[in-house]
Amino acid sequence: TAWTGWATRAEVVLQSGHIDPAPVMLVRTFADVLRRWLDSRVNDPQLARCTWMKYERMARGLISLIGQEPITTINYAVMDGVYSSLLRLGHTSKGASRHQQVLRAACDWAAEQGLITPILVPVTRARSSPKVNNDYTPTEREAAAVLRVTRGPAHLAIALLAVTGARVSEVMSLRHDAIDLKEGWLSLDGKTGPRRFPIPSE
């Protein structure tokens, strides 16, 4: 017994002091690894069908980009190229990173199964766009100009925002019984809790 409990192959090797020869490469391309990994997960009871379908869709995109490349070519430059290609195809930075994470999971699985030698699969960190704060508050004149050209539910929603200062989410979730026209109150219930706003008669 080399180990009791959970362990990676590397931990068992270090503990036992026995160095196994590197496993024979039974798969050679990225497409081989991704397809074998998908096949292994298709009947996984811990994996929802919709999740598997997301994995399959991402794997298909990766195969179209680098499927025929030998798995031994994996390095930072290759992964950066995958990331850039996915961005050019319209994926978000987070989506491109998720594709890379799928490739890493597939390679980790293949190494555990002895199909490939263990390799490092770097994942490019998602580059978030700079945060933009818009602290501008429309003037009464600007609000009035917008109200003059709107009709129906949009007009009512904008009027409530302008008069009460309520949050957009609060106004969008309002029901008719939240407005008491007789007494002139608007009842809101948002993240700060329930509260009432007076509504001018006009």
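**Close-up views of the predicted model**

**View A. Lys 54 belongs to a patch of positive charge on the surface.** With a relative accessibility of 46%, Lys 54 counts as partly exposed, because that class lies between buried (under 20% relative accessible area) and exposed (over 50%), with a 1.4 Å probe and protein chains only. The model is predicted: local features need pLDDT of at least 70 and side-chain atom pairs count only at pLDDT 80 or more, whereas totals for chains, interfaces and linings use all residues. Residues are numbered from 1 along each chain as its sequence is written, and side-chain values use heavy atoms, with hydrogens and water left out. Lys 54 lies in helix α3, and the other members of the patch are Arg 57, Lys 94 and Arg 98. At least two patch residues come from each of two helices, α3 (49-66) and α5 (93-112). Patch residues have over 30% relative accessible area and no salt bridge, like charges being joined within 9 Å and nonpolar side chains (Val, Leu, Ile, Met, Phe, Trp, Tyr) within 5 Å. Lys and Arg count as positive, Asp and Glu as negative, and His and the chain ends are not counted; a charge is placed at NZ of Lys, CZ of Arg, CG of Asp or CD of Glu.

**View B. Arg 60 and Glu 56 form a salt bridge within helix α3.** Their side chains meet at 2.6 Å, N to O. A salt bridge is a side-chain nitrogen of Lys or Arg within 4 Å of a carboxyl oxygen of Asp or Glu. The two residues are four positions apart, about one turn of the helix. Arg 60 is partly exposed, at 48% relative accessibility, and Glu 56 is also partly exposed, at 24%.

**View C. Arg 167, Glu 170 and Arg 195 are joined in one salt-bridge network.** The side chains of Arg 167 and Glu 170 meet at 3.5 Å, N to O. Shared partners link this pair with Arg 195. Glu 170 is buried, with a relative accessible area of 4%, whereas Arg 167 is partly exposed at 31%. The whole structure holds four salt bridges; one of them pairs Arg 41 with Asp 44 at 3.2 Å, N to O. Asp 44 is partly exposed, with a relative accessible area of 21%.

**View D. Gln 100 is a buried residue of helix α5.** The relative accessible area of Gln 100 is 0%. Leaving aside residues up to four places away in sequence, Gln 100 touches Met 79, Asp 80, Tyr 83, Val 123 and Thr 124, a contact being heavy atoms within 4.5 Å.

**View E. Gln 68 occupies the loop between α3 and α4 (76-88).** Gln 68 counts as exposed, at 64% relative accessibility. Residues up to four places away in sequence aside, Gln 68 touches Thr 29 and Ala 31. The C-alpha atoms of Gln 68 and Phe 30 are 6.5 Å apart, although 38 residues separate the two along the chain.

**View F. The protein contains eight helices and three strands.** From the N terminus, the order of elements is α-α-α-α-α-α-α-α-β-β-β; helices (H or I, at least four residues) and strands (E, at least two) are DSSP runs, numbered from the N terminus. Of the 202 residues, 29% are buried. Among contacts with a separation of 6 or more, 51% join residues 24 or more positions apart. The accessible surface comes to about 14,400 Å², 55% of it belonging to carbon and sulfur atoms; areas come from the Shrake-Rupley method with a 1.4 Å probe, and for residues only the protein chains shown count as cover.
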